[in-house]
Amino acid sequence: MAKEETMPSESEWLVMEVLWDGTAPLTSTEIIRRIQKSRSMSDKTVRVLINRLCQKQMIDYAIDKNDARVYHYFAVKSREECLREKSRKFIDSYFSGNSANALAALIQSKPLTEEQIRQLEQILENSRESERP
């Protein structure tokens, strides 16, 4: 039996971005309006995405105190958690789990600015320090 996917798809990621960017839980109508500001997506499609994310336990909801037909959705997993997991899956899928090869491929795909190089050097140094006993 295939393992059920627990990460958001590209389309579901749009819903997650809306929830991560919000300061409070949002209703499906609020999520739909925010997505439709930048994308052409039907109300029904967004509702399907919300339902899938609930099934994957990526988001959850609270029922409105004044109207039981209204749900307020919020992210269960943080953006950082999802990015880490997506990165791990990407490295496993395309680089046989070899982080160094993945990093090299990404770095070589586009020229870096001096500032980006300094940032990478700092990340590598922090990684080196965290590995020391």
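Here are three short exercises on salt bridges and a pocket, each with a worked solution.

The model is predicted, so local features need pLDDT of at least 70 and side-chain atom pairs count only at pLDDT 80 or more, while totals for chains, interfaces and linings use all residues. Residues are numbered from 1 along each chain as its sequence is written, and side-chain values use heavy atoms, with hydrogens and water left out.

**Exercise 1.** Find which residue forms a salt bridge with Asp-21, and explain what the pair ties together.

*Solution.* Start with the criterion: a salt bridge is a side-chain nitrogen of Lys or Arg within 4 Å of a carboxyl oxygen of Asp or Glu. Asp-21 meets this with Arg-79, where the closest N and O atoms are 2.9 Å apart. Next, place the partners: Asp-21 sits in helix α1 (residues 10-21) and Arg-79 in helix α4, so the bridge ties together parts that are 58 residues apart in sequence. Helices here are DSSP runs (H or I, at least four residues), numbered from the N terminus. Last, check exposure, where buried means under 20% relative accessible area, exposed over 50%, and partly exposed in between (1.4 Å probe, protein chains only). Asp-21 is exposed at 55%, and Arg-79 is partly exposed at 24%.

**Exercise 2.** Work out how Glu-115 and Arg-118 are placed in helix α6, and then which residues salt bridges join into one network.

*Solution.* The side chains of Glu-115 and Arg-118 meet in a salt bridge of 3.3 Å, N to O. Both belong to helix α6 (residues 114-131) and are 3 residues apart, so about one helical turn separates them. Glu-115 is partly exposed at 41%, and Arg-118 is partly exposed at 45%. As for the network, bridges with shared partners join Glu-17, Asp-21 and Arg-79. The whole structure has 8 salt bridges.

**Exercise 3.** Describe the lining of the largest pocket: which residues form it, and how do they divide by type?

*Solution.* A pocket is an open set of points on a 1 Å grid over the protein atoms alone, where a 1.4 Å probe fits, with protein on both sides within 12 Å along at least five of seven lines; lining residues have an atom within 4 Å of a point. For the largest pocket these are Lys-86, Ser-87, Phe-90, Ile-91, Ser-99, Ala-102, Leu-103 and Leu-106. Helices α4 (79-95) and α5 (99-108) are the elements giving two or more residues to this lining. Sorting by type gives 5 nonpolar, 2 polar and 1 charged.

How values were computed:
Ala, Val, Leu, Ile, Met, Phe, Trp, Tyr, Cys and Pro count as nonpolar, Asp, Glu, Lys and Arg as charged, and the others, Gly among them, as polar.
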